[in-house]
Amino acid sequence: MELPTKMLDEILCRVPVKYLLRCRSVSKGWCSLIDSTPFVKKQLKQALECNAGGLIINQGGQFYLAEDFRTSFDADDVVAEEISEPLKARISGADFVGAANGLICVSKNKMKEVYIFNPSTRKLKKVPGAPAEFPRSFHMAETCLCGFGYDHLNDDYKVVKIAECYFQFRGKMAIVYSLKTNSWKRIENVPDNNTRFFGNWGMFASGALHWLAIDNPCNGSDILVGFDLGLERFKKVSCPVIDGPFVNFNTKSVVSDGGCLGILDKYPNSRIDVWVMMTDSAAEESWSKAFTVGKKHGTLGYERFVRPVYFSRSGQVVLLEVDSSKLVWYDLERKTIKNVRVRGVPNEFDSHVYTQSLVQLKEDNPPKKKKQGKPKKKHGKRRH
């Protein structure tokens, strides 16, 4: 007896992606259902609601996956495996740019090469080079920034590049790539020359990419510069009002888990304050201090660097990467920690949470090597 299609649809959308890929072999009907756009969107919605996460770990350009990672305080043991060929060779040596809805963006060769791939399906696409008028400026730029995120208004995935140039012309230039159209275009309303960016990678949250910046180098007032992926325009976002004198701009950094945006305010040899952006029903943005990590006598002990990797949707726990060498769950109410054992990865790494999804890519296969044909046999002249 076959299950009704509607019931089968409801059951399968709750199955982990790695098993769904196997289910495609059950029958043509199952394969057609799992590959359909409505099912892909339904599975993604279910995965986002259930926090069906994976962990992607980068160590010097080598990538590892922990597909069974659970985004909850119960997760305390993670087994990671290195990404296998042929995907491994394509992204080896790359930097992590960002993640959205299960797609990962990485860049190589100082952002000249950009790749988008789905770690669950192992599909990859190389982003085409920028139009002819852009490359020279980007290659000669003093500052080059990059970001990746999801445009929910147009159901599209976009890569943004920003360059501050001093050779071909003086000023800022920005271009945006659309996965849907597979093309780049130039953005006109770039921030003025008084705005100075910090940090290479734009942090994706709430439909926009965010970079920390100073709007006037003379007075040092810090801001966030956001790029709205749907409207394709820049906007200024206020930073949290921090008590005390301005110490050093380099002590601040922006973090995001793809859904929640935060600012780390580091006080050397003292503490790290973590601020989280809150958005109300009227889309008004405000900041709230989520927690403070004491560096000398706190729960975590004396650490050089702490970075939030994932903020739980309950707001009770946060996954922290400590000194680029270990992961811990931190309970914000009880001030307790739980170590996460990560097996199969080197001692130093940077980690990111991604959603396991079936979001599709038109796969970009590397060119195949031409097979050398066998040399033709020379036929001697026939003797008559």
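# Exercises on a predicted model

Lys 252 is buried, at a relative accessible area of 14%. The model in which this residue is examined is a predicted one.

## Exercise 1. A charged pair between two strands

Determine with which residue Lys 252 forms a salt bridge, and state whether Asp 265 is buried or exposed.

Step 1. The partner of Lys 252 is Asp 265, and the closest N and O atoms of the pair are 3.7 Å apart. A salt bridge requires a side-chain nitrogen of Lys or Arg within 4 Å of a carboxyl oxygen of Asp or Glu, so the pair qualifies.

Step 2. Lys 252 belongs to strand 17 (residues 252-256) and Asp 265 to strand 18 (residues 261-267); the two residues are 13 apart, and the pair links distant parts of the chain.

Step 3. Buried means under 20% relative accessible area. Asp 265 has a value of 2% and is therefore buried, and Lys 252, at 14%, is buried as well.

## Exercise 2. Further salt bridges

State how many salt bridges a search of the whole structure finds, and describe the pairs Asp 9 with Lys 42 and Lys 185 with Glu 232.

Step 1. The search of the whole structure gives 14 salt bridges. Side chains of opposite charge can pair when their charged atoms come close.

Step 2. The side chains of Asp 9 and Lys 42 form one such bridge, with an N to O distance of 2.7 Å. Asp 9 is in helix 1 (residues 5-12) and Lys 42 in helix 4 (residues 37-49), so that distant parts of the chain, 33 residues apart, are linked.

Step 3. Asp 9 is buried at 13% relative accessible area, whereas Lys 42 is partly exposed at 29%.

Step 4. In the bridge between Lys 185 and Glu 232, the N to O distance is 2.9 Å. Lys 185 lies in strand 12 (residues 183-187) and Glu 232 in the loop between strand 15 (222-228) and strand 16 (233-237); the pair therefore ties together parts that are 47 residues apart in sequence.

Step 5. Lys 185 is partly exposed, with a relative accessible area of 45%, while Glu 232 is buried at 15%.

## Exercise 3. Two antiparallel sheets

Give the order of the strands in the open sheet that contains strand 25 and in the one that contains strand 5, and identify the edge strands of each.

Step 1. One open sheet has four strands in the order 4-2-1-25, with antiparallel pairing. Strand 4 and strand 25 (350-355) each have a single partner strand; therefore they stand at the edges, and one side of each is without a neighbour in the sheet.

Step 2. Strand 2 (residues 62-66) is joined to strand 4 by two bridges, and these strands run antiparallel. Leu 65 is placed opposite Glu 81 of strand 4.

Step 3. The other open sheet has four strands in the order 5-6-7-8, again with antiparallel pairing. Its edge strands are strand 5 (95-100) and strand 8 (123-126), each of which pairs on one side only. On average, neighbouring strands of this sheet are turned by 20° against each other, direction ignored.

Step 4. Strand 7 and strand 8 run antiparallel and are joined by four bridges. Ile 116 has Lys 125 in strand 8 as its bridge partner.

## Exercise 4. Backbone geometry in loops

Identify the geometry of the peptide bond from Glu 85 to Pro 86, and give the sign of phi for Met 111 and Asp 323.

Step 1. Most residues other than glycine have a negative phi, and most peptide bonds are trans.

Step 2. The bond from Glu 85 to Pro 86 is cis, its omega being near 0°. Pro 86 is located in the loop between strand 4 (81-82) and helix 5 (87-91).

Step 3. Met 111, not a glycine, has a positive phi near 70°. This residue lies in the loop between strand 6 (103-108) and strand 7 (113-118), and Met 111 is buried at 8% relative accessibility.

Step 4. Asp 323 also has a positive phi, of about 55°. Asp 323 is in the loop between strand 22 (317-322) and strand 23 (326-331) and counts as buried at 17% relative accessibility.

## Exercise 5. A helix pair

Describe how the axes of helix 3 and helix 4 cross, and which residues make the contact.

Step 1. The axes of helix 3 (residues 28-35) and helix 4 come within 5 Å and cross at roughly 65°.

Step 2. Helix 3 contributes Leu 33, Ile 34 and Asp 35 to the contact, and helix 4 contributes Thr 37, Phe 39 and Val 40.

Step 3. By class, the residues of this contact are four nonpolar, one polar and one charged.

Key: Residues are numbered from 1 along each chain as its sequence is written. This is a predicted model: local features need pLDDT of at least 70, side-chain atom pairs count only at pLDDT 80 or more; totals for chains, interfaces and linings use all residues. Side-chain values use heavy atoms; hydrogens and water are left out. Buried means under 20% relative accessible area, exposed over 50%, partly exposed in between (1.4 Å probe, protein chains only). Two strands pair if DSSP finds at least two bridges between them. Axes are lines fitted to C-alpha atoms, for helices over the stretch in contact, and angles run from 0 to 180 degrees between N-to-C directions. Contact means heavy atoms within 4.5 Å. Ala, Val, Leu, Ile, Met, Phe, Trp, Tyr, Cys and Pro count as nonpolar, Asp, Glu, Lys and Arg as charged, and the others, Gly among them, as polar.
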